[in-house]
Amino acid sequence: MPSRSPTLARHPALATLLLTALAMLAFAANSLLCRIALRQGSIDPASFGAIRLAAGAAALLLVMRLQSRPRTEKAGDWPAAAMLFLYVACFSFAYLRLAAGSGALILFGMVQLTMFAAGLRAGERFTARGWLGLALAAGGLVLLLLPGVAAPSPAGAALMAVAGVAWGVYSLRGRQSGEKRTDPLAATAGNFVRATPLGIALWLAWAARGHVEARGVALALASGALTSGLGYVVWYAALPRLKALQAASVQLSVPLIAALGGVLLLDEAFTARLALAALAILGGIALVLGGGRLTRPS
């Protein structure tokens, strides 16, 4: 792992910074790789999702083997794997119609709103600052989706919203596993292994309309093995050194990185609507993370 190098071992703060930055770049790159592959027509979304899941499973299992971790047959679970599959499938099909920046913003906003809603249901209380943050975040999503020339595709936005809810539920299950002291890397590997047959089933069902080129396969493999599988390995290396608030806050950078990548690599427009929506969504979430929650009442 990168953190084991002599230089970084002597500078743990630098190691944490580098690992965190690499993880955020990997998460943003998932949006860019998928959008590039689908925009260029080099692969269909079902094939992209199936290859991404299979490559992610292979990469995680390889890391487990290299680290001499226990076998993963009992790691993870089917409900979590189903949420992982739903996220990957909806994510892939959504990017047929969405730009990288708006897609990442919808995804990230729905993930956080899902987790906030779960907290409220579990009995967590928000301060006035927290409610203001939630209102800002929800308002930002509404602004982004309002009809108009700059509005994203309704079908694409709906698919990405479902992907965000699925990833939010998956993240909540992962947090519960952490509370039970389950190895997060092993659990993720187990979930990828379980989700892969679901991805293959979708690929077979879509085969009549599918098309695959070498470039598309390469991009899907990179998304699965590198920015998903190894991206999670890097993230898990950084997480123990981050406080919970830091870990949540740093992910605010992902939609902005994806939007800037879309501008630089795909000639996508960074519109005023997207900028205002991003400011509202990310600013609102920052308000909640920065002190908008109170502890759960006893």
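Helices (H or I, at least four residues) and strands (E, at least two) are DSSP runs, numbered from the N terminus. This is a predicted model, in which local features need pLDDT of at least 70, side-chain atom pairs count only at pLDDT 80 or more, and totals for chains, interfaces and linings use all residues. Residues are numbered from 1 along each chain as its sequence is written, and side-chain values use heavy atoms, with hydrogens and water left out.

**View 1. The whole protein holds 12 helices and 2 strands.** Starting at the N terminus, the order of elements is α-α-α-α-α-β-α-α-α-α-α-α-α-β. Of its 298 residues, 49% count as buried; buried means under 20% relative accessible area, exposed over 50%, and partly exposed in between (1.4 Å probe, protein chains only). Contacts are heavy atoms within 4.5 Å. Among contacts with a separation of 6 or more, 88% join residues 24 or more positions apart.

**View 2. Here is the largest nonpolar core, with 81 residues.** Such a core is a set of buried Ala, Val, Leu, Ile, Met, Phe, Trp, Tyr and Cys residues joined through side-chain atoms within 4.5 Å. The residues with the most contacts inside it are Leu 84, Tyr 87, Phe 91, Tyr 95, Leu 105, Met 160 and Ile 285. Helix H2 (residues 12-39) gives the most to this core, 11 residues. Zoom in on Tyr 87: leaving aside residues up to four places away in sequence, Tyr 87 touches Arg 52, Leu 107, Ala 163, Ala 166 and Trp 167.

**View 3. Helix H5 (residues 100-121) packs against helix H6 (residues 128-145).** Their axes, lines fitted to C-alpha atoms over the stretch in contact, make an angle of about 145° (on a scale from 0 to 180 degrees between N-to-C directions) and lie 11 Å apart. On the H5 side, the residues that meet H6 include Leu 105, Gly 109, Leu 113 and Phe 116. Their partners in H6 include Trp 131, Leu 134 and Leu 141.

**View 4. Two cysteines, Cys 34 and Cys 90, are picked out here.** Cys 34 is buried, at a relative accessible area of 0%, and Cys 90 also counts as buried, at 10%. With a disulfide taken as a pair of cysteine sulfur atoms within 2.5 Å, the count comes to 0.

**View 5. Asp 267 sits in the loop between helix H11 (253-266) and helix H12 (272-289).** Most residues other than glycine have a negative phi. Asp 267, though, has a positive phi, near 60°. With 70% relative accessibility, Asp 267 counts as exposed.
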